[in-house]
Amino acid sequence: MSKEITIGVAIATMIFLALQGVNLLPFLLLGALSYLFYNLSGLKVLNKGFQGQVSPRAREITFADIGGQEKAKQEIIEALEFIKDSSAAEQLGIRPLKGILLAGPPGTGKTLLAKAAAAYTGASFIAAAGSEFVEMYAGVGAQRIRALFKQARELAKQHNRKNATIFIDEIDVLGGKRGQHSGHLEYDQTLNQLLVEMDGISPNDDVRILVIGATNRVDLLDEALLRPGRFDRIIQVELPDREGRLQILKIHTANKPLDPEVNLESIASQTFGFSGAHLESLANEAAILAFRAGEKTLKPGHFNEAIDKVMLGEKMDRQPSEKELKRVAVHEIGHALVSERIRPGSVSIVTIVPRGSALGYMREVPEDDSYLQTRRQLEERLQLLIAGAIAEELLFHSRSTGASSDFIEAARLAKKMVFAGMSDLGIVDPESLPRHLLHRAVARILQTQEALVRKELQDKVEIIRRVSKELLQEEKLAGERLRQLIAGEDKPLERVHLA
Ligand code: ATP
């Protein structure tokens, strides 16, 4: 509104001056120059100030809404006690906590933890992402940091709160090591301003600010940020373990009608490696599938399909040719046979329904969560990965590009074995191991396993033919059915020519 009034007054003044016979050209030039300067110098961006998300108090999220993450929750609560009971902390001369850094993979609940921390201390909550402070104009990021702290204080005052929590997601974007960016002056100024603001936090402030940063790359952060008195608490937020996954599933299915057959424990054990965000999406996808099927409750099948969807993506519309499908079926049965030999009962589903970038896939019933692997386990994993390509080779006398992602994973594991001292090179220093030696050691490991798999599957060519025929007809085989077919418990099928 004030903009319109200013323009109106300026036009009226110019008309008045023109009527008085004043030469307006210099004024017009000056006006045009100021306009250009305002738009190009960044002042305009600067005046916008900070535009993060604000909520007066994140009352809705509490630590009880966060599944798993027991250790992270406990560490945060311990740190927050000093804020809650600041007089006791002061008496003992404890330096006030200014910053907590949450480090961990995406979707593990860092934002939720920050919101719960704000609620726990009765603080107002304001959130921003590191990328919001990155501008090409010098000084704009620093100005936004100032605005963010100012806004946090004002917000707390407005709501009569003594504490304010500022959450900065992707803090590595603005807090990366100084002097490393090409336009580094701007990044450095922004980070310096954050340091200045954090240093300025004092226990006597009428609003006590706690900054919570989140990152999945602590190694990228400037050391100055991690110095005592800034982000001096680093809390690791890990992917949830099985118990954590179960709790998260319970939280996200609490508002959904579950069929009595649904076993959340079994879903938790099938979802090793899933983050909280994946599990939330899994519960949501299962509900969507139930809705599409016109069902009133979520059934085990909906969850099964949702797991595949979250793991591999949407089903593809593109239908592979008949010839391609035969090859995919043989490839997947190759994987499945080796999987069943290594761990009987391990196949949960084999399918040739394309999903995401996979033309077919075999899903395993995972073992217990494990964080260590033995040499034998790694070799067996390699055999399983190689088996798809070998099955293709035995039945079609050629391989296809369908095995490329299996080989990438196999090479990664073989490299892991070399670095863990499991190859014929013995214990090696990964830093100084020449590339050609690494390459040779990896190739030897893969060739040995390849020979073993070929020998195994040569004796099972008839089974591959038989089972892949059924897979072609059915498109999907449950683990139970697959095991029946392998054991020949099914009525014998006539011999088919797949090649
Ligand atoms: P990013 O690093 O990508 O910002 P993040 O670690 O901050 O991710 P959140 O934004 O907290 O993750 O989580 C995303 C969503 O995933 C949440 O809104 C919630 O639905 C679900 N979620 C993640 N972790 C948990 C958990 N531990 N308990 C319950 N829900 C969770």
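A polar contact here is a pair of N or O atoms within 3.5 Å. Keep that cut-off in mind for the ligand views of this predicted model.

**View 1. Aspartate 169 and the ligand.** With 3.0 Å between an N or O atom in the side chain of aspartate 169 and an oxygen atom of the ligand, this pair falls within the 3.5 Å cut-off, so we call it a polar contact.

**View 2. Glycine 107 and histidine 252 at the ligand.** Glycine 107 uses its backbone: one of its polar atoms there sits 2.9 Å from a ligand oxygen. Histidine 252 uses its side chain instead, placing a polar atom 2.9 Å from a nitrogen atom of the ligand. As for cover, the ligand on its own would expose 630 Å², and the protein buries 78% of that.

**View 3. The shell around the ligand.** Pull back a little and you'll find 16 residues surrounding the ligand, with Gly67, Gly107, Lys110, Thr111 and His252 the closest. By character, the shell splits into seven polar, five nonpolar and four charged residues. Three helices each put in at least two shell residues: H6, H11 (242-253) and H13 (276-292). Where does the ligand lie relative to domain 2 and domain 3? Domain 2 (53-236) and domain 3 (242-312) both contribute to the shell, so the ligand lies between them.

**View 4. Phenylalanine 63 meets tyrosine 120.** The structure has two aromatic pairs, and here the ring centres of phenylalanine 63 and tyrosine 120 are 5.8 Å apart, with the planes at 70 degrees, so this one counts as edge-to-face. Phenylalanine 63 belongs to the loop between strand E1 (53-55) and helix H4 (70-84), while tyrosine 120 is in helix H6 (residues 110-120), so the pair ties together parts 57 residues apart in sequence. Are the two partners buried or partly exposed? Phenylalanine 63 has a relative accessibility of 10% and counts as buried, whereas tyrosine 120, at 25%, is partly exposed.

**View 5. Phenylalanine 125 stacked with phenylalanine 167.** This aromatic pair is stacked, with 6.3 Å from centre to centre and 20 degrees between the planes. Phenylalanine 125 comes from strand E3 (residues 124-129) and phenylalanine 167 from strand E4 (residues 163-169), so to speak a handshake between distant parts of the chain, 42 residues apart. Phenylalanine 125 and phenylalanine 167 are both buried.

Terms used
Residues are numbered from 1 along each chain as its sequence is written. This is a predicted model: local features need pLDDT of at least 70, side-chain atom pairs count only at pLDDT 80 or more; totals for chains, interfaces and linings use all residues. Side-chain values use heavy atoms; hydrogens and water are left out. Rings of Phe, Tyr and Trp (its six-membered ring) pair if their centres lie within 6.5 Å; planes under 30 degrees apart count as stacked, over 60 as edge-to-face and the rest as tilted. Helices (H or I, at least four residues) and strands (E, at least two) are DSSP runs, numbered from the N terminus. Buried means under 20% relative accessible area, exposed over 50%, partly exposed in between (1.4 Å probe, protein chains only). A residue is near a molecule or strand if one of its heavy atoms lies within 4 Å of it. A polar contact is a pair of N or O atoms within 3.5 Å; within protein, one must be able to donate a hydrogen and the other to accept it, and residues adjacent in sequence count only if both atoms are side-chain atoms. Accessible areas come from the Shrake-Rupley method with a 1.4 Å probe; for residues, only the protein chains shown count as cover. Ala, Val, Leu, Ile, Met, Phe, Trp, Tyr, Cys and Pro count as nonpolar, Asp, Glu, Lys and Arg as charged, and the others, Gly among them, as polar. Domain bounds come from an automatic or database domain assignment.
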